[in-house]
Amino acid sequence: MLRALLGRWRSSLRLLRPAHVEADHAKISVTQLGHRYANKVVALEDVDLNVRSGEFICLLGPSGCGKSTLLYALAGHVRPTGGTVSIDGQPITGPGPNRLLMFQEAALFPWLSVRGNITFALAARGVPRAERKERADQYIRRVHLQGFEETLPHQLSGGMKMRASLARALAVDPTVLLMDEPFGSLDAQTRIHMQELLQSIWMRTHKTVVFVTHDVHEALMLGTRVVLMAPRPGRIVRDLEVHLPMPRRPDDAALTEMVRHVQRLLSEVERTNIPDSPPPSRASTPAVTSPVLSPPGLPRPAR
Ligand SMILES: Nc1ncnc2c1ncn2[C@@H]1O[C@H](COP(=O)(O)OP(=O)(O)OP(=O)(O)O)[C@@H](O)[C@H]1O
């Protein structure tokens, strides 16, 4: 029994491997990124991250580890105080049409219908009038909102608003989709539905996505890569490729094993960053670099 459990645990963790992406092969390249806010908080220090075209990256970590700051630096909304960020070899100096940032709030115009919100965004991006309605309706179908084209946002549920917002984001076809905890305010069931929808859309489009979340299960459900961050100063401590086939089921056994493993890594990150303890030196986070950990109640496997 124990041997079977251990075998299952080992094989699921083999699907979680360290990521190594050369800068030459990267769509997004972040080099030695640092950001210190005006209040002297060091939100990011020495962050290096290369993202291939078509990857779904989840930034995961405790509150305050700089996930949003990194995302906003990619969006061009934060001008980092050190290092560089580039997309397709072009340095980012401000917001641009090749990136789209989505938040927890659907941010729909309340006086425009679902279709109106999408066609407005298309018009703002210079899409010819003749194409707008057809393109809007195509993405409305993709998020399963057909029949609600003329509905105003206040007549939609939270999940439907988020689907409309997702349709709008996809319709403008950005090179990179940046998502800051987009499903954070949804109830558990709607959140799972949104994850499944986003996953199925990603499988069709292979859009490059950078997705911020606190939720380990969400990160492993969606990500082709999970980047673990730690605070004070905000930095990357683990970068793992998730080789679990898609579509993923929320209750899949291998996924559940991985969630436990990554939760343990995260709690080690949190233990080395206890509030009111002196900030850890960069060399004092060794636990996070230990390659294999035992799940609770199981012996530590031989290396
Ligand atoms: N505009 C700002 N001015 C000053 N400090 C800021 C500002 N925005 C963020 N910070 C600080 O920078 C650090 C990183 O914040 P950031 O929001 O990027 O982290 P996060 O990992 O996204 O956190 P959370 O998960 O809670 O959203 C935190 O200590 C935060 O207090």
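Colour the chain by pLDDT, the predictor's confidence in each residue, from 0 to 100. The chain mean is 86, and 87% of residues reach 70 or more. This is a predicted model: local features need pLDDT of at least 70, side-chain atom pairs count only at pLDDT 80 or more, and totals for chains, interfaces and linings use all residues. Residues are numbered from 1 along each chain as its sequence is written. The model scores ipTM 0.98 and pTM 0.86.

Next, select the extremes. Among the chain's elements, helix α1 (residues 2-13) has the lowest mean pLDDT, 68, and β4 the highest, 97. Helices (H or I, at least four residues) and strands (E, at least two) are DSSP runs, numbered from the N terminus. Now pick residues 276-303. Here pLDDT stays under 50. The model has 30 contacts beyond four places in sequence for this stretch. Two residues are in contact if their C-beta atoms, placed from the backbone, lie within 7 Å.

Show the sheet. This open sheet has seven strands in the order β1-β11-β10-β4-β9-β8-β7, with mixed pairing. Strands pair if DSSP finds at least two bridges between them. Go to the edges: β1 (16-18) and β7 (99-102) each have a single partner strand, so one side of each is left without a neighbour in the sheet. From one strand to the next, the twist averages 20 degrees. Axes are lines fitted to C-alpha atoms, for helices over the stretch in contact, and angles run from 0 to 180 degrees between N-to-C directions.

Select β4 (residues 56-60) with β9 (residues 208-213). They pair in the parallel sense over five bridges. Label Phe-56: opposite stands Val-209 in β9.

Move to the ligand. It is surrounded by 14 residues. Tyr-37, Ala-43, Ser-63, Ser-68 and Thr-69 are the closest. A residue is near a molecule if its C-beta atom, placed from the backbone, lies within 6 Å of it. Highlight helix α2 (residues 67-75), which gives three residues, the largest share of the shell. By class, the shell has four nonpolar, nine polar and one charged residues. Nonpolar means Ala, Val, Leu, Ile, Met, Phe, Trp, Tyr, Cys and Pro; charged means Asp, Glu, Lys and Arg; the others, Gly among them, are polar.

Finally, colour by domain. The domain assignment, automatic or from a database, gives domain 1 (13-98 + 175-273) and domain 2 (105-173). Their C-alpha centres lie 26 Å apart. At the junction, 12 residues of domain 1 are in contact with 10 of domain 2. On the domain 1 side, helix α6 (residues 188-205) supplies the largest share, six residues. That side has nine nonpolar, three polar and no charged residues.
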